[in-house]
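Here are my notes on the model you passed along. I've kept them as numbered points so you can check each one against the picture.

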Amino acid sequence: MSANTLGSQSDKATKERNKNLYLKPAVFYFYFRELIEMLALSRNQKLPQPGEDTQILELLVQRDREFQDLMEVAQQQGKVHQEMQLLEKEVEKRDSDIQQLQKQLKEAEHILATAVYQAKEKLKSIDKARKGSISSEEIIKYAHRISASNAVCAPLNWVPGDPRRPYPTDLEMRSGMLGHMANLPTNGVNGHLPGDALAAGRLPDVLTPHYPWQSSDVPVGMLPPHHGNDFGLEPPGHNKENEDDVEAMSTDSSSSSSDSD
Amino acid sequence: METEEQARNRFQSELEFVQCLANPNYLNFLAQRGFLRERPFINYLKYLLYWKEPEYAKFLKYPHCLHMLELLQYEHFRKELVNAQCTKFIDEQQLLHWQHYSRKRTRLQQALAEQQQPQQQPPPHGNAAAK
């Protein structure tokens, strides 16, 4: 190994340098031994080449200095490496912390989502209940009305043969408003509104509405939903061909709401 | 646009008509004349569902009609109504249902009466013996 190869170490990476440094002690030792032997020899011989010894010594010192420097650098690098390891551990710890938090957050989000969903469902059902709320007085009134007229509960003395029924009978239907309208001889136009005939004054006076529920009970706002005749319907019972056996509608005071109102 | 008078008349006629649907015989009549097959009529039946709302339902004297109205929304039911046997069956069941509550009441009264009878029997015997 010549001095040249030893000098070229400054070009390589520290590792390389370190690697070479590992070789250096052996080399140093070898050189040191050689030098000592040479010095010993030169003691005996009268220093035939003093220049060479000085050169070699200087080289040795120089190499030693370089070696020391590199050792220092290596030490520092070691320290840095240790710090890096510590920091890596920290980073790992933080990472696992973050993952833990992430899991908890996900759980919390799930629980909250369920809670919110259930709350919404509850609100929906509250809304629905509120919409359908009716005063108990009205319900009782209605219950009385439909029971008293035997519309939903048969009279206690009912026997087969009794003409009363839970639905409007033929007679009731014919004597109602629609029944009378269907019996009009001039009612030839199909599809016109039932009110037209009345408005045109073609119905006898007796048929003008006089039933209690219709005139006073119906609040002004209580009108049928507007339908604008989309379905272009022909109300059965208004056709001439059905006049004879048409079962017309009933509105005696007993049929639609009224009695005890 | 209809006048208020027209609207009120329409209200009354629709009220009457919807209640007539409670009558199975009338339903049979409608079915046999083919009304239940006409699209406009079917649409009208759907429109009549507004009678289920409480503010309208309170005018109904015969609430059975609402159940019939609901059934009438189904094509299968409308098809079956042509059959006179079917409507007769419906009529019978409807009447039996109608009588259900009164039957329950009479049974209850009978049960009460039976309970009281054993207590009333001894006194008449006592009187007869006295005579």
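Which pattern does chain B follow when read along the sequence?

1. Chain B reads α-α-α-α-α-α-α-α from start to end. In other words, its secondary structure comes to eight helices and zero strands. Before going further, keep in mind that this is a predicted model.

2. Staying with chain B, have a look at helix 1 (residues 4-20) and helix 3 (residues 39-47). Their axes sit 12 Å apart, and the two pack at an angle of about 100 degrees. Angles of 65 to 115 degrees count as roughly perpendicular, so that is the label for helix 1 and helix 3 of chain B.

3. Which residues make that contact in chain B? From helix 1 come B:R10, B:E14 and B:F17, and they meet B:F41, B:Y44 and B:Y47 of helix 3. Sorted by character, the residues of this contact are four nonpolar and two charged, with no polar ones. If you want to look at a helix pair by eye, you could start here.

4. Now some totals for chain B. It has 131 residues, and buried ones make up 46% of them. Its accessible surface is about 7,600 Å², with 53% belonging to carbon and sulfur atoms. As for contacts within chain B between residues at least 6 apart in sequence, 66% join residues at least 24 apart.

5. On to chain A. Here too the count is eight helices and zero strands, and the pattern along the sequence is α-α-α-α-α-α-α-α.

6. How many residues does chain A have, and what share of them count as buried? There are 261, of which 27% count as buried. The accessible surface of chain A is about 18,100 Å², and carbon and sulfur atoms hold 58% of that. Taking the contacts in chain A with a separation of 6 or more, 71% come from residues 24 or more positions apart.

7. One stretch of chain A carries a database label. An unreviewed UniProt entry gives the annotation "coiled-coil region" to residues 84-118 of chain A. In the model, that span is 100% helix and 0% strand, and its end C-alpha atoms lie 50 Å apart. Please keep the two sources apart when you write this up: the coiled-coil label comes from the UniProt record, whereas the helix content and the end-to-end distance are computed from the predicted coordinates.

Terms used: Residues numbered from 1 in each chain as written. Chains lettered and ligands numbered in written order. Predicted model: local features only at pLDDT ≥ 70, side-chain atom pairs only at ≥ 80, totals over all residues. Heavy atoms only, no water. Axes fitted to C-alpha atoms, helices over the stretch in contact; angles between N-to-C directions. Helix = DSSP H or I, 4+ residues; strand = E, 2+ residues; numbered from the N terminus. Parallel < 35°, antiparallel > 145°, perpendicular 65-115°, else oblique. Contact = heavy atoms within 4.5 Å. Nonpolar A, V, L, I, M, F, W, Y, C, P; charged D, E, K, R; others polar. UniProt positions renumbered as here; feature names shortened; annotations may be inferred. Buried < 20%, exposed > 50% of the residue type's maximum accessible area, 1.4 Å probe, protein only. Areas by Shrake-Rupley, 256 points an atom, 1.4 Å probe, with all protein chains shown as cover.
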